[in-house]
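Please examine the structure shown below together with its sequence. The report that accompanies it is arranged by topic.

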Amino acid sequence: MVTSKSRGHVVIDTEECKGCELCVEACPSSVLYSSDEFNTHGYHPAAYKGEGCTGCGICFYTCPEPGAMTVYKRWDLMTDTAECPRCGGEYKVFHTDEKPEVLVCTNCLKPIQEKVIPIR
Amino acid sequence: MNTILKKSDSFYDVYERRPGADKLTTTYCPGCGHGVLHKLIAEALDDFGVREKTIFISPVGCSVFAYYYFHTGNVQVAHGRAPAVATGIKRAHPHSVVISYQGDGDLAAIGTAEIMHAANRGEGITVFFVNNAIYGMTGGQMAPTTLIGQKTMTSPRGRTVNNEGFPICMSEIIATLKAPVFVERVMIGDTKSTMHARQTVRKALKLQIEKNAFTFIEVLAACPSNMKMTPSRSRQWVKEVLADYFPLGVKKDVSGEFERKDLSRMVVKNSELHDALNIETAKVDSEKIAPYREKIINEEIKIAGFGGQGVLSLGTVLSEMSMRHNYEVSWLPSYGPEMRGGTANCSVKISKKKIGSPLVANPTILIAMNRPSLDKFEHDVISGGLIIYDDSLIDRKPTRDDVDVIAIPATKIADELGNTKAANMIIVGALIEYKNLMSQEVVLESLGDVLKRKNLVELNQKAILRGAEFIKNLKK
């Protein structure tokens, strides 16, 4: 479970990240770093230190990959948590505007439901 | 204010169109400028709620596969032609939001004419012009926007003014035209400039949505792979070097005084068209065509011969007469550059239903007026079709045994009538009689309206009767 009290929070999809490191350089709070791990494409994906994000969104607009970066503003005000079967743990959740009844996991951005539809 | 910045709904969740196993990432290199601009556009489409009515024109270049990513309407067009296609789409669908997305090789080289004229007409489209000073997809060749002294694959010693001229400043050129409403050059360099580009993208799209205005946004972007720099260093280069030659800023903005452009289509009534072309509406006795009203007809006719044999006019007479019987008709000629001689053919479709395409690949009826035509088209005829050929000029019989064949010495009969050029009308008479396509009476009556040379009407009427007579004798 993410326990950070930071104002913002950033989730990086390691498989979509191409390791260009532009976000690492652009982050004004310097809370992003280039991971030592490889993803399946052989890139070192960017990673979040886990504390200190302000939710400014600069990394989101710097990143050229449409789905690699997700930024939560007002992270500290998001209090609802739930068990995500996909991520295997308890994470903060939110309701989308389009379907208010659906709970979405902040870690994988997928709806939390009993039957998980695998990604093709 | 969005509290969550995530992948826009204007992108597909999974890029199903992308071949291969990886359907989550784009085809762009790490640090590419396209991805950021894609994001800005997609976010604006989401926020304005126009995704469902957006049509995105993918160019040729690295962004050729933009249709993999954008969950909008998509068209991918030939190199440089995006503004021309966008023009057509916007005019056909005035309610839609049309985005023409092009690179510098696409827009400033091969597509210069298209963008100039689309801009000059002030089409209600938004053009995004991504300028990275190089041909990216093909491996870093010199583009019209390559800077002086810049080394590329095709300018290994650096671009020189004497040899290749100056880099083209498209925004400044477009801004000199009267019709464009908003022209600005932005860059994806540092955070500040990217956020400014975001505002500009939104403004341009808003101007199209609200006022159907032509807007042109040039985006200076980095191509780390071809510049052989790290992503970070290449953005620095865009900021310091590229933006130095191509000054950023608004080049033209008349959005304040620009009034919404009315794109409603001009619809011309049939009667107006007839008046303009000075043609009288054909008057046909409805009793005479009554037997043909319920007839199911779907003929695809190929008529071929030498130029000058009246091949095309055979087709026009058939088409005109069919129209008088309320059939749907198409007529498509095909001929060489010679006025006389050479070969000519035309395709005629006659149907009770609306016709989608005028092309005839496999005719139900082939009319061959010379040997080469028979040789060329004989095997295209559908099984159970009909071949009519002029056996006074063609010295062989068709080899097909699964089609009906009529040999008619049309040229010889026409010669007996006094003019070999009437051979085509003999075939018209024969075809109408054989297939019972239409009323002979109506055809004979209307021939005067259809033929240009009125002194030949009588001869042609005789020819049609002789053709019909020939078939009657054949049937006996």
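The sections that follow treat a sheet, aromatic contacts, cavities and backbone conformation in turn.

## Basis of the report

The coordinates belong to a predicted model.

## A three-stranded sheet in chain A

Strands of a sheet pair through backbone hydrogen bonds, in either a parallel or an antiparallel manner. In chain A, three strands build an open sheet in the order S5-S6-S7, with antiparallel pairing. The edges are taken by strand S5 (81-84) and strand S7 (103-105) of chain A; each has a single partner strand, so one side of each is left without a neighbour in the sheet. From one strand to the next, the twist averages 55 degrees.

The pairing of S5(A) with strand S6 (residues 89-95) of chain A is antiparallel and comprises four bridges. Within this pairing, A:Thr81 is placed opposite A:Lys92 of S6(A).

## Aromatic pairs

Over all chains, the structure contains 14 aromatic pairs. One of them joins B:Phe65 and B:Tyr67: the ring centres are 6.1 Å apart and the planes stand at 75 degrees, so the pair is edge-to-face, the class for planes over 60 degrees apart. Both residues are partly exposed, B:Phe65 having a relative accessible area of 28% and B:Tyr67 one of 23%.

Another pair is formed by B:Phe129 and B:Phe216, whose ring centres lie 5.9 Å apart; their planes are at 40 degrees, so this pair is tilted. The contact links distant parts of the chain, with B:Phe129 in strand S5 (residues 126-131) of chain B and B:Phe216 in strand S7 (residues 215-220) of chain B, 87 residues apart. B:Phe129 and B:Phe216 are both buried.

B:Phe65 and B:Tyr67 also belong to a cluster linked by ring pairs, together with B:Tyr15, B:Tyr28, B:Tyr68 and B:Tyr69.

## Lysine residues over aromatic rings

Two lysine residues of chain B are placed over phenylalanine rings. B:Lys39 lies over the face of A:Phe60, a ring of the other chain named here, at 4.2 Å from the ring centre. B:Lys203 lies over the face of B:Phe182, at 4.4 Å from the ring centre.

## Cavities

How many cavities of 30 Å³ or more does the structure hold? There are two cavities of 30 Å³ or more, and the largest has a volume of about 140 Å³. The largest cavity is lined by 19 residues, of which A:Cys17, A:Lys18, A:Cys20, A:Cys63 and A:Pro64 are the closest to its centre.

## Positive phi outside glycine

Most residues other than glycine have a negative phi. Where, then, does A:Ser30 lie? A:Ser30 has a phi near 55 degrees, a positive value in a residue other than glycine. This serine, A:Ser30, is found in the loop between helix H1 (22-26) and strand S2 (32-34) of chain A. With a relative accessible area of 44%, A:Ser30 is partly exposed, because that class lies between the 20% limit for buried and the 50% limit for exposed residues.

In chain B, B:Asn436 is not a glycine but has a positive phi of about 50 degrees. B:Asn436 occupies the loop between helix H16 (423-435) and helix H17 (440-450) of chain B. The relative accessible area of B:Asn436 is 39%, so this residue is partly exposed.

Methods:
Residues numbered from 1 in each chain as written. Chains lettered and ligands numbered in written order. Predicted model: local features only at pLDDT ≥ 70, side-chain atom pairs only at ≥ 80, totals over all residues. Heavy atoms only, no water. Pairing = 2+ DSSP bridges. Helix = DSSP H or I, 4+ residues; strand = E, 2+ residues; numbered from the N terminus. Axes fitted to C-alpha atoms, helices over the stretch in contact; angles between N-to-C directions. Phe/Tyr/Trp six-rings, centres within 6.5 Å; stacked < 30°, edge-to-face > 60°. Buried < 20%, exposed > 50% of the residue type's maximum accessible area, 1.4 Å probe, protein only. Lys NZ or Arg CZ within 6 Å of the ring centre and 35° of its normal. 1 Å grid on protein atoms, 1.4 Å probe; cavity = no way out; pocket = protein on both sides within 12 Å on 5 of 7 lines; lining within 4 Å. Points joined across faces, edges and corners; volume = space filled by probe spheres on them.
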